[in-house]
Amino acid sequence: MSKHPHLDPAAMADNVKEQAQQIWLAGLGAFSKAQEEGSKAFEKLVSDGITMQRKAQITAEEKLAEATHKVTQVAHQLNERATGQWDKLENIFEDRVAKALTRLGIPSASELSALHARVEQLEKQLGAKPKAAVATKAAAKRAPAKKVAAKRPAAKKKTAK
């Protein structure tokens with residue numbers, strides 16, 4: 001008898017079937033594990049995506065706020081410059097108009113104010129009231145005509161005596 005086991009074809013077929021069955025089950029197990037891991041990986045990717053989206057949104061809002069602030073600053077600076085230019089232009093215009101009015105002999109507002117103050121001071125010194133000053137001005141306008149008329153009859157009276 002030989003020391004080598006006898007090769008039985010039926011036993012070999014059963015052995016091959018058993019190994020094929022184990023390979024099949026290992027494949028199903030690997031597929032199931034991959035599916036399970038895939039679901040977990042998918043959920044993890046979704047979670048990471050949500051986190052990334054929130055971070056991107058926060059960053060975008062910060063950048064938008066920063067840009068808005070910078071644009072506001074630039075607009076404010078431009079407004080100040082424009083206002084300064086308009087003020088300069090206004091001053092130049094006022095100076096030229098004042099010079100033209102001076103050349104025409106029209107008094108300035110400060111000269112008129114000084115004149116009004118002087119008139120009020122004189123009225124106080126004379127004891128006249130401002131209303132009386134208006135009446136006095138009206139009388140002064142009429143007075144030269146009355147004085148001329150009054151002088152003539154006075155002259156006639158002198159001659160009549």
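These are legends for a set of close-up views of one predicted model.

**View 1. The whole chain is three helices and zero strands.**
Going along the sequence, the pattern reads α-α-α. Of the 161 residues in the protein, just 1% count as buried. The accessible surface adds up to about 15,200 Å², and carbon and sulfur atoms account for 63% of that. As for confidence, the mean pLDDT is 79, with 75% of the residues at 70 or more.

**View 2. Helix α1 runs over residues 9–103.**
Does the length of this helix fall in line with ideal geometry, or out of line with it? With 95 residues at 1.5 Å apiece, α1 should span 141 Å; the C-alpha atoms at its ends sit 135 Å apart, so the two figures agree. After the helix comes Gly105, which has a positive phi, near 85°.

**View 3. Lys44 and Asp48 make a salt bridge along α1.**
This is one of two salt bridges in the structure. The closest N and O atoms of Asp48 and Lys44 are 3.2 Å apart. Both residues belong to helix α1 and are four residues apart, or about one turn of the helix. An α-helix has 3.6 residues a turn, so residues three or four places apart point the same way. Is Asp48 buried, exposed or partly exposed? Its relative accessible area is 38%, so Asp48 is partly exposed, given that the class runs from 20% to 50%.

**View 4. Glu66 and Lys70 form a salt bridge in the same helix, α1.**
Here the closest N and O atoms are 3.6 Å apart. The spacing is again four residues, about one turn of the helix. Side chains of opposite charge can pair when their charged atoms come close. Glu66 has a relative accessible area of 40%, so Glu66 counts as partly exposed.

**View 5. Five residues make a nonpolar patch on the surface.**
Which residues make up this patch? They are Phe93, Val97, Leu101, Leu104 and Ile106, and the patch comes to about 480 Å². Take Phe93, which lies in helix α1: its relative accessibility is 57%, so Phe93 counts as exposed, the cut-off being over 50%.

**View 6. Helix α2 covers residues 109–126, with the highest confidence in the protein.**
The mean pLDDT here is 92. The helix has 18 residues and reaches 26 Å from the first C-alpha to the last, close to the 26 Å expected at 1.5 Å a residue. Ala109 lies in this helix, and at 59% relative accessibility Ala109 counts as exposed. Ala98 is 11 residues from Ala109 in sequence, and their C-alpha atoms are 9.8 Å apart in space. Just after α2, Gly127 takes a positive phi of about 80°.

**View 7. Helix α3, residues 130–160, is where confidence is lowest.**
The mean pLDDT of α3 is 51. Over residues 145–161 the pLDDT is below 50, and beyond near neighbours in sequence this stretch has zero contacts in the model.

How values were computed: Residues are numbered from 1 along each chain as its sequence is written. Side-chain values use heavy atoms; hydrogens and water are left out. pLDDT is the predictor's confidence in each residue, from 0 to 100. Helices (H or I, at least four residues) and strands (E, at least two) are DSSP runs, numbered from the N terminus. Contact means heavy atoms within 4.5 Å. Patches are made of residues with over 30% relative accessible area and no salt bridge: like charges are joined within 9 Å, nonpolar side chains (Val, Leu, Ile, Met, Phe, Trp, Tyr) within 5 Å. Accessible areas come from the Shrake-Rupley method with a 1.4 Å probe; for residues, only the protein chains shown count as cover. A salt bridge is a side-chain nitrogen of Lys or Arg within 4 Å of a carboxyl oxygen of Asp or Glu. Buried means under 20% relative accessible area, exposed over 50%, partly exposed in between (1.4 Å probe, protein chains only). The expected span of a helix is 1.5 Å times one less than its number of residues.
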